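Let's take a walk through this protein chain together. Have the structure open in your viewer and follow along as we go.

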There are 2 protein chains.
Amino acid sequence: MTIEKKEKYNVAVAGATGAVGNAMIEILEERNFSVGNLLLLASERSEGKLLKFHGESIAVRTLTHDSFEGIDIALFSAGSERSKEFAPSAVKAGAVVVDNSSAFRMQDEVPLVVPEVNPEKIIEHHGIIANPNCSTIQMVVALKPIYDKVGIKRIVVSTYQAVSGSGKKAIEELSIQTKDVLNFKPVICSVYPYQIAFNCLPHIDAFLENGYTKEEVKMIDETKKILGDEAICVTATTVRVPVYSGHSESVNIETKDKISGEEVKKLLSNAPSIKVLDNPEKSEYPVAIQAAGKDEVFVGRIREDNSIEKGINLWIVSDNIRKGAALNAVQIAECLTGSDK
Amino acid sequence: MTIEKKEKYNVAVAGATGAVGNAMIEILEERNFSVGNLLLLASERSEGKLLKFHGESIAVRTLTHDSFEGIDIALFSAGSERSKEFAPSAVKAGAVVVDNSSAFRMQDEVPLVVPEVNPEKIIEHHGIIANPNCSTIQMVVALKPIYDKVGIKRIVVSTYQAVSGSGKKAIEELSIQTKDVLNFKPVICSVYPYQIAFNCLPHIDAFLENGYTKEEVKMIDETKKILGDEAICVTATTVRVPVYSGHSESVNIETKDKISGEEVKKLLSNAPSIKVLDNPEKSEYPVAIQAAGKDEVFVGRIREDNSIEKGINLWIVSDNIRKGAALNAVQIAECLTGSDK
């Protein structure tokens with residue numbers, strides 16, 4: 001289903017007060033998305049809170065089943081439970097939902113879209129389009145040109161994920177714990193089970209029976225769905241690190257046909273939304289703090305892995321709140337309305 | 001060559017004022033190594049500095065070619081250049097050198113030893129025994145029982161390495177930068193090319209022409225030498241993270257024969273120097289801040305990697321200054337003198 005062509009679209013942001021919701025509003029403004037009315041929705045305790053959009057103050061309203069009357073596009077980032085509860089009401093009211101949660105991602109009738117990778121899936125929606133997991137998005141953007149050129153058999157990924165992915169309370173927790181450690185005070189853990197300051201936690205989202213975390217399984221399953229390739233082999237270890245913003249990923253791939261490190265560099269240098277930063281002799285490679293606030297997926301440390309015949313190592317960094325969530329959702333809305341053309 | 005049996009051994013620590021040197025002195029004391037005289041050596045600017053050993057204050061002396069008269073065992077941790085310059089003088093004076101630098105590690109006549117893995121190599125020394133790189137030591141300790149049981153074909157490792165591995169100035173830099181970020185002050189980088197506070201740098205040691213860092217090549221080459229297996233395939237991405245102490249590693253292996261995650265857990269639970277911490281349902285897994293100051297190699301997140309037929313993922317954490325450097329060197333000295341028996 002495409003969306004009816006209009007001059008301006010009425011847009012709702014559900015979860016407007018969260019880190020991703022904030023970024024969605026910012027990005028709609030930055031990219032001059034043709035917004036008619038902007039409806040900002042959140043839980044009851046944020047009712048009346050004012051947020052800026054194009055210089056105007058908009059009061060946040062409480063998300064209810066009746067919120068979506070007259071809305072064309074609803075961007076959801078209020079957690080899986082809220083998406084499951086309220087997205088169907090938005091669809092019933094005639095809106096197309098772009099959902100940032102994991103609620104619908106693996107449902108067959110729901111397209112899971114990264115506009116640089118599988119934009120053609122958007123029209124297959126039945127009211128809901130799912131935005132993939134942050135760590136998956138940046139990886140598939142970087143791997144797609146290689147996948148198209150030489151095929152990819154297997155991916156082994158280890159992540160270095162920022163606390164902003166866990167929301168505003170996690171950002172606060174990192175700051176408070178860091179100060180406490182520096183002042184030799186006892187550290188209190190509430191968002192994470194262990195101290196995150198000056199530490200690394202190989203634990204993102206809940207553990208499953210097979211010993212993997214949900215985050216790891218998301219990277220495995222979503223990569224297959226987005227690339228439309230059930231045969232691609234993926235394994236992941238996802239790790240939270242004491243970084244505020246920007247996910248980094250150490251990615252090892254086995255390609256089907258041989259490709260050199262130099263060829264990968266050229267390929268990615270010409271690909272959309274990717275910026276190659278890779279001059280080891282000048283200590284040039286992507287790092288999280290430089291990716292924060294930017295739109296691109298940054299790739300560096302590109303080199304052949306000689307432990308197998310057709311191996312490549314890459315280091316992939318992106319702003320997890322922007323390309324990993326809010327930006328990708330707005331890009332989907334742009335594709336939906338044809339404003340990406 | 002074995003060492004002449006004695007009641008007590010005269011021990012020199014070259015690089016006594018560094019982080020690893022300090023830990024060597026502490027560990028010699030903790031493990032009641034039979035020390036006769038303890039000679040503490042460092043560069044001229046530390047001359048006269050007092051360090052404690054078994055309650056006694058010992059003045060640091062300047063490291064010279066004439067320092068080693070009467071010394072039985074010289075533990076070196078003063079950097080590659082100093083090792084190259086002064087270790088031969090120690091050997092000439094009759095000492096056996098246990099060298100923590102990378103200066104001699106890949107020389108054929110120099111044993112590269114992790115006592116839990118290849119202690120039998122120690123007697124092959126010609127005056128110098130090399131201590132492997134920190135990130136290699138903890139990995140091979142954890143992998144050896146698996147290697148012996150089912151064989152290992154390939155290792156893909158991504159590291160999360162603490163700043164203490166870069167010495168005391170790096171520890172200071174992390175603290176100062178962290179305070180500056182929290183106080184919105186500009187950050188000054190001197191040890192690392194980018195801000196390390198709240199950031200991850202995929203860059204440890206110098207870059208080589210093939211795009212790998214020396215640290216990555218150390219992990220590849222040293223693993224082969226320690227396991228005595230030139231056919232084992234290894235690739236590595238080594239990353240500095242804003243952690244004071246304790247290296248973490250995400251390790252993916254392909255074994256020769258099939259082994260289940262449960263079998264790996266049992267195997268490692270009974271292996272020397274390894275502590276398995278692996279109860280996902282209780283959020284139990286190793287983390288750097290808990291490994292700091294401990295002797296064991298901690299292993300968790302043990303699970304089958306179903307992206308290949310015979311794959312296992314592990315998360316390996318250890319104190320990089322202790323097992324990764326000072327403790328391993330003292331253990332070599334214990335093997336040398338037979339006091340490990």
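We begin with the whole chain, move on to its domains and a sheet, and end at a single residue.

What you are looking at is a predicted model. Chain A contains eight helices and 14 strands. Its radius of gyration is 20 Å, close to the 20 Å that the globule rule gives for 341 residues, so chain A is as compact as a globular protein of that length. If you turn the C-alpha trace along its principal axes, chain A spans about 60 × 55 × 40 Å. Of the 341 residues, 57% count as buried. Sequence-distant contacts are also worth a look: among contacts between residues at least 6 apart in sequence, 66% join residues at least 24 apart in chain A.

Now for the domains. The domain assignment of chain A gives domain 1 as residues 9-131 + 325-337, and domain 2 as residues 136-320. The centres of domain 1 and domain 2 of chain A, taken over C-alpha atoms, are 25 Å from each other. Where the two meet, 13 residues of domain 1 of chain A are in contact with 17 residues of domain 2 of chain A. On the domain 1 side, helix α8 (residues 322-337) of chain A supplies the largest share, three residues. By type, that side of domain 1 of chain A divides into seven nonpolar, four polar and two charged residues.

Next, find the open sheet of six strands, whose order is β10-β9-β11-β14-β13-β12 in chain A, with mixed pairing. At its edges are β10 and β12 (274-276) of chain A, each of which pairs on one side only. From one strand to the next, the twist averages 25 degrees.

Strand β9 (residues 152-160) of chain A is a good place to see the mixed pairing. To one partner, strand β11 (residues 247-255) of chain A, β9(A) is joined by eight bridges, and the two run antiparallel. To follow this on screen, pick Thr159(A), whose bridge partner in β11(A) is Glu249(A). To strand β10 (residues 233-237) of chain A, β9(A) is joined by five bridges, and here the strands run parallel. Val157(A) has Ala236(A) as its bridge partner in β10(A). Strand β9 of chain A is also mostly covered, with eight of its nine residues buried.

Further along, β11(A) pairs with strand β14 (residues 311-318) of chain A in the antiparallel sense over eight bridges. There, Ser250(A) has Trp315(A) as its bridge partner in β14(A). Helix α5 (residues 214-227) of chain A packs on the sheet and touches β9 and β10 of chain A, its direction making about 155 degrees with that of β10(A). Helix α6 (residues 261-269) of chain A packs on the sheet too, touching β12, β13 (297-305) and β14 of chain A, and its direction makes about 165 degrees with that of β13(A).

Let's finish inside helix α5 of chain A, where you will find Met219(A). Is Met219(A) buried or exposed? Met219(A) has 29 C-beta neighbours inside 10 Å, so it counts as buried. Among the residues that Met219(A) touches are Val157(A) and Ala236(A), the bridge partners we met in β9(A) and β10(A). Other contacts of Met219(A) include Asn133(A), Ser135(A) and Thr136(A). Thr136(A) lies 83 residues away from Met219(A) along the chain, yet their C-alpha atoms are separated by 5.2 Å.

Note on methods: Residues are numbered from 1 along each chain as its sequence is written. Chains are lettered from A and ligands numbered from 1 in the order in which they are written. This is a predicted model: local features need pLDDT of at least 70, side-chain atom pairs count only at pLDDT 80 or more; totals for chains, interfaces and linings use all residues. Helices (H or I, at least four residues) and strands (E, at least two) are DSSP runs, numbered from the N terminus. The radius of gyration is taken over C-alpha atoms; the globule rule is 2.2 Å times the number of residues to the power 0.38. A residue is buried if 20 or more other C-beta atoms lie within 10 Å of its own, exposed if 12 or fewer, and partly exposed in between; C-beta atoms are placed from the backbone. Two residues are in contact if their C-beta atoms, placed from the backbone, lie within 7 Å. Domain bounds come from an automatic or database domain assignment. Ala, Val, Leu, Ile, Met, Phe, Trp, Tyr, Cys and Pro count as nonpolar, Asp, Glu, Lys and Arg as charged, and the others, Gly among them, as polar. Two strands pair if DSSP finds at least two bridges between them. Axes are lines fitted to C-alpha atoms, for helices over the stretch in contact, and angles run from 0 to 180 degrees between N-to-C directions. Lists of a residue's contacts leave out its neighbours within four places in sequence.
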